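Colleague: I would like a close look at a single part of this model, the helix that follows the first domain boundary, and then at how the rest is arranged around such local details. Please take it in one connected answer.

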Protein chains: 2
Amino acid sequence: MCPSNPPREFPSPGVSYRLQLPRGIPVHYQPLVCLMFAFIDPNPLAFLLRAAQIYPDKLALVHPDVEHPVIYSYAVWTQRIQNLAYALIQAGIQPGDRVAVIAPNSPAIAEAHHGVLAARAVICPINTRLTHAEVAYILEHSGSRLIIVDHEFSHLVTGAKVPVVVTNDSGRVGDPYEEFLSTGRQFSAERGWPGLEWERDEDAAAALCYTSGTTGRPKGVITTIRGAYLAAIGNAYETGMNRDSTYLWILPMFHACGWTYPWAVTLASAAQITLRQVSYPLIWNHLLNSGVTHYCGAPTVQIGLVNAPQATRLSKPVSAIVAGSAPTAHLIEELEKEEYHPGSRIWINTYGPTTRCYDQPAWANLQLDDRAKFLARQGHSFATAVDARVVYPPKEGESLDAELVDVPKDGKTVGEIVFRGNIVMKEYFKDPEATKKAFRGAHFNTGDLAVMHPDGYIAVQDRSKDIIISGGENASSLAIEQELSSHPDVLEVSVVARPHPKWGERPMAFVILHPSHEKKWAGRHAEFADDLKKHARARLPGFACPEWVSVVDELPKTSTGKIQKVTLRKLVAKL
Amino acid sequence: MCPSNPPREFPSPGVSYRLQLPRGIPVHYQPLVCLMFAFIDPNPLAFLLRAAQIYPDKLALVHPDVEHPVIYSYAVWTQRIQNLAYALIQAGIQPGDRVAVIAPNSPAIAEAHHGVLAARAVICPINTRLTHAEVAYILEHSGSRLIIVDHEFSHLVTGAKVPVVVTNDSGRVGDPYEEFLSTGRQFSAERGWPGLEWERDEDAAAALCYTSGTTGRPKGVITTIRGAYLAAIGNAYETGMNRDSTYLWILPMFHACGWTYPWAVTLASAAQITLRQVSYPLIWNHLLNSGVTHYCGAPTVQIGLVNAPQATRLSKPVSAIVAGSAPTAHLIEELEKEEYHPGSRIWINTYGPTTRCYDQPAWANLQLDDRAKFLARQGHSFATAVDARVVYPPKEGESLDAELVDVPKDGKTVGEIVFRGNIVMKEYFKDPEATKKAFRGAHFNTGDLAVMHPDGYIAVQDRSKDIIISGGENASSLAIEQELSSHPDVLEVSVVARPHPKWGERPMAFVILHPSHEKKWAGRHAEFADDLKKHARARLPGFACPEWVSVVDELPKTSTGKIQKVTLRKLVAKL
């Protein structure tokens with residue numbers, strides 16, 4: 001982790017971290033014109049400027065495991081971001097314009113999360129694992145006016161009709177991205193932060209992130225300046241991140257702006273480490289040797305982490321923010337054993353984590369496996385979120401305005417998780433119909449099925465499309481996976497509905513064997529299937545026991561680590 | 001701390017912690033009508049409801065050192081607050097009405113900070129140490145529609161023209177305050193939280209707190225729902241308060257709503273202990289035996305605390321939030337020695353702490369006395385505050401709209417601290433002229449004089465009226481006090497200007513001797529004065545050395561512990 005080149009930009013001694021205020025903004029906030037909001041301050045960009053002001057020499061960002069590693073202090077990094085903002089403005093970017101970014105975790109995409117906002121534009125991070133056609137659709141739909149693309153993914157934007165800035169991720173003179181920053185630097189030096197202006201409408205878009213579009217075209221989720229500010233504060237507060245923290249980037253930033261952690265990290269004046277890829281040896285190296293205190297990851301990444309050959313007990317607890325889909329109790333147990341402190345959360349399509357499984361003091365007396373069952377639930381609303389509810393699904397033909405009705409707190413009745421408040425997305429971009437539908441009953445309808453336990457904890461059961469209707473009974477694929485994953489030889493498992501002549505549907509399980517038990521079952525997968533079914537029968541009602549078990553080498557996953565059940569369902573449809 | 005009576009209200013098992021939403025509020029927020037704001041969620045009441053939902057059985061409030069101690073869990077306490085809200089509504093309180101509260105730290109005033117907001121009214125806490133005439137003025141000026149008064153202070157409201165609810169602070173049947181809650185309980189049981197409605201305008205007033213009015217009539221400071229929400233989050237985040245924390249009430253809640261800690265505590269789902277008076281034996285008992293993790297206090301209270309006979313080294317660090325006026329380096333040193341972790345802050349007249357002296361990693365290598373000098377400064381903007389600046393005072397005849405100019409970062413040029421943003425007060429109630437003047441240059445002008453150090457840290461020098469102009473030189477009374485307080489025999493000191501025939505003004509010091517050195521100087525105060533002057537000459541420029549030293553038994557203080565220099569100045573004017 002020895003940088004080959006020293007940082008090149010140094011702020012002048014009298015540097016100001018104060019942007020221009022729009023004219024006429026009074027002291028505590030101001031209504032500018034009718035229906036136009038103007039609370040200037042809840043802007044997540046403010047966190048970066050404050051960190052640079054307080055801790056100019058403190059480590060802001062390290063990009064270690066590349067040919068040309070870089071290390072930036074807050075002062076230097078903030079200067080780069082200022083340069084980016086001016087470069088974007090110089091390139092013709094207007095307030096409200098979308099700027100697309102296609103890059104793995106690296107300085108460029110981290111910088112864009114601040115620099116694009118400083119130019120009063122909207123960041124549109126695009127998943128690097130999409131196809132050229134999918135990227136083209138998003139570029140077109142978002143109306144992006146400029147593209148910043150990592151050299152590894154430049155093939156995804158061939159033929160783009162707007163300017164493309166390629167980054168070689170070198171931080172060196174001659175890198176086109178660095179040259180682009182240089183075009184901003186000349187204005188930067190002259191005008192500084194006071195030459196830029198705060199976005200005056202806190203309800204303006206901060207980001208436009210596209211869904212993975214497993215069912216139809218991806219939808220563009222608009223999140224706001226205000227929402228990003230409050231979600232980032234919520235994340236920093238809930239995870240206890242502060243200036244002594246080091247955040248490791250495992251979750252891709254292109255995934256919904258890294259759940260607002262680009263801004264939570266700067267609020268905390270913490271350090272961040274960017275890794276281009278999810279490599280368990282590299283991650284373990286940093287967990288053990290780089291003072292990492294926090295990271296985010298979907299359950300599937302966490303499974304890989306605790307089962308990697310390098311896995312060992314950590315000497316200091318690390319906060320593992322588990323979200324993206326529901327973790328199994330088994331995973332929580334494994335994490336706890338290795339001294340991670342998992343904060344089980346659910347990812348619901350907008351700003352990132354919005355619920356948290358707050359552990360109760362009384363649970364401390366439970367055995368780890370029992371406690372893990374409680375901890376694997378999704379819990380309660382986050383600090384800055386409100387009103388996570390589980391409600392009955394809409395009745396046939398019911399109006400979208402109909403009042404929502406909560407399911408009873410019985411731990412059994414399955415409903416849909418809905419919520420509202422500051423950290424709900426603003427809208428689906430250019431899709432008022434989809435927005436209206438998602439906002440049934442004046443709440444955001446997540447599509448996640450869950451029960452409400454008597455203690456008020458929400459526990460996810462399934463995505464509505466993942467439920468298995470077997471002999472008229474609703475079987476939760478997640479509940480089945482929870483039980484199957486407790487089999488000692490199972491590494492990861494996914495369960496989907498397979499058509500059945502008698503029962504309508506029956507569960508089929510796809511299983512990856514644990515590496516250390518693979519040999520034991522080599523050539524005897526049918527026997528393993530029987531063993532697993534037996535394991536299931538001891539734990540699940542008959543209708544929820546898998547009818548079929550298929551041992552596989554890998555499971556189809558989205559770039560963000562979610563298992564693509566739609567692919568599995570297509571597979572079983574052909575069986 | 002054994003409660004004599006069990007709590008009397010129990011929430012029903014199916015209790016809902018969800019208030020009614022105003023009609024037509026969409027999902028992420030809504031502009032209702034022109035120039036009317038409607039972000040429902042940043043309401044500090046939401047913190048209480050969330051805590052009750054997550055931790056119903058957790059300790060919320062303990063009121064120990066009274067004849068009838070009480071202990072409330074979050075569920076029970078939240079129920080009491082709901083009862084209060086209904087009782088207020090039942091008594092005719094309308095949205096926006098002011099409800100006055102005159103009480104020492106106790107359940108009633110803590111409950112009012114939530115219950116008044118739940119009734120969509122505005123809490124107006126009044127200082128218990130004011131005179132009847134002063135209270136009458138505030139009641140009249142605020143237009144309070146109802147008064148909740150502690151039995152010890154009921155004489156302050158005789159002749160009041162609005163309903164008065166007396167609390168005997170007993171928590172028992174027959175206590176008029178408890179009877180008042182009972183009038184709410186009947187509606188409460190029937191309608192619950194969903195029978196109440198969220199305040200739809202987040203810019204609506206949450207509180208109306210009056211200044212101490214040392215110069216003329218007290219002014220009413222209006223703070224908002226949104227501001228209280230963000231200030232409370234800032235306080236909980238900055239002080240690392242969480243559900244394992246216990247907050248000890250030393251700072252009176254009537255002082256600017258206890259710097260928003262009534263809400264910061266509930267955001268954290270922490271426990272709070274209320275003490276009716278500042279009694280050092282009681283406070284030390286709780287510091288040592290009740291698991292206290294956080295408390296707030298003005299420097300003068302902290303001085304009393306570290307010099308109390310009970311003072312001893314704490315076994316675990318306690319976060320001492322020092323604000324209200326600038327602490328001396330000597331005090332910070334004393335606090336550190338006893339394992340408090342002082343977060344030096346400055347109190348600037350609106351929501352509470354808005355800056356913090358963030359310690360730099362490099363300071364860890366300094367000797368404690370040197371480090372204390374750095375730590376006694378006021379530092380940088382708080383997490384949810386922005387743009388604390390030190391600017392030149394207005395020129396003669398300059399417009400209030402003139403652009404503010406920052407003083408150089410030289411640690412010498414004295415300017416005025418100004419700031420803006422979410423945690424600035426909204427206005428002085430019914431006083432547009434004073435508001436306009438306070439908001440010179442679109443920033444809140446604090447009246448606190450300070451320098452900006454080269455490292456960007458703000459250090460308070462003085463209130464503008466406290467500066468001493470000696471022979472044309474500006475001497476900071478605070479800087480003089482800093483040096484005098486380092487004399488080993490000084491407990492507390494205050495310095496004011498005394499007219500001088502030759503130099504215009506010269507400093508005069510009023511000193512309280514440290515109890516353990518009192519005897520040494522008994523009958524020899526003139527010799528002590530010489531000793532102190534000698535001490536000063538070794539540390540201060542000649543124009544800043546005190547010309548006169550007066551040993552006193554006590555210093556005149558406001559109810560919130562600020563030394564009343566105006567009284568000292570009146571005194572010296574007569575000499």
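Modeller: A residue is called buried here when its relative accessible area is under 20%. The model is predicted, and the values below are computed from it. By that cut-off, helix 10 of chain A, residues 299-307, is mostly covered, with eight of its nine residues buried. The buried residues are A:Pro299, A:Thr300, A:Val301, A:Gln302, A:Ile303, A:Gly304, A:Leu305 and A:Val306. The domain assignment of chain A ends domain 1 (45-297) at residue 297 and starts domain 2 (304-464) at residue 304. Domain 3 of chain A is assigned to 467-573, and its centre and that of domain 1 of chain A, taken over C-alpha atoms, are separated by 38 Å.

For the chain as a whole, 61% of the 575 residues of chain A count as buried. Chain A has 16 helices and 25 strands. Of its contacts with a separation of 6 or more, 70% are between residues 24 or more positions apart. The exposed area of chain A is about 21300 Å², and carbon and sulfur atoms supply 52% of it.

Helix 16 of chain B, residues 565-573, gives another view of burial in a helix. Its buried residues include B:Lys565, B:Leu568 and B:Val572. These lie on the same side of helix 16 of chain B because they cover an arc of only 55° around the axis. The face turned away from that buried side carries B:Lys570 and B:Ala573, which are exposed.

Strand 6 of chain A, residues 164-167, also has two faces: A:Val165 and A:Thr167 form the covered one, while A:Val164 and A:Val166 form the uncovered one. Side chains in a regular strand alternate between the two faces of the sheet. Strand 6 of chain A pairs in the parallel sense with strand 5 of chain A, residues 146-150, over four bridges. A:Val165, on the covered face, is the bridge partner of A:Ile148.

Some loop residues call for a check of the backbone. Most residues other than glycine have a negative phi. A:Thr260 has a positive phi, near 70°, and sits in the loop between helix 7 (256-259) and helix 8 (261-267) of chain A. A:Thr260 has a relative accessible area of 2%, so it counts as buried. In chain B, B:Ser269 also has a positive phi, near 55°. B:Ser269 lies in the loop between helix 8 (261-267) and strand 10 (271-274) of chain B, and with a relative accessible area of 4% it is buried.

A last loop residue is A:Gln360, between strand 14 (353-356) and helix 12 (368-375) of chain A. Its relative accessibility is 18%, and therefore A:Gln360 counts as buried. The side chains of A:Gln360 and A:Tyr457 are joined by a polar contact of 2.8 Å. Leaving aside residues up to four places away in sequence, A:Gln360 touches A:Tyr457 and, from chain B, B:Ile54, B:Tyr55 and B:Arg243.

Definitions and conventions:
Residues numbered from 1 in each chain as written. Chains lettered and ligands numbered in written order. Predicted model: local features only at pLDDT ≥ 70, side-chain atom pairs only at ≥ 80, totals over all residues. Heavy atoms only, no water. Buried < 20%, exposed > 50% of the residue type's maximum accessible area, 1.4 Å probe, protein only. Contact = heavy atoms within 4.5 Å. Areas by Shrake-Rupley, 256 points an atom, 1.4 Å probe, with all protein chains shown as cover. Arc of directions from axis to C-beta. Domains from an automatic or database assignment. Pairing = 2+ DSSP bridges. Polar contact = N/O pair within 3.5 Å; in protein donor to acceptor, adjacent residues only side chain to side chain.
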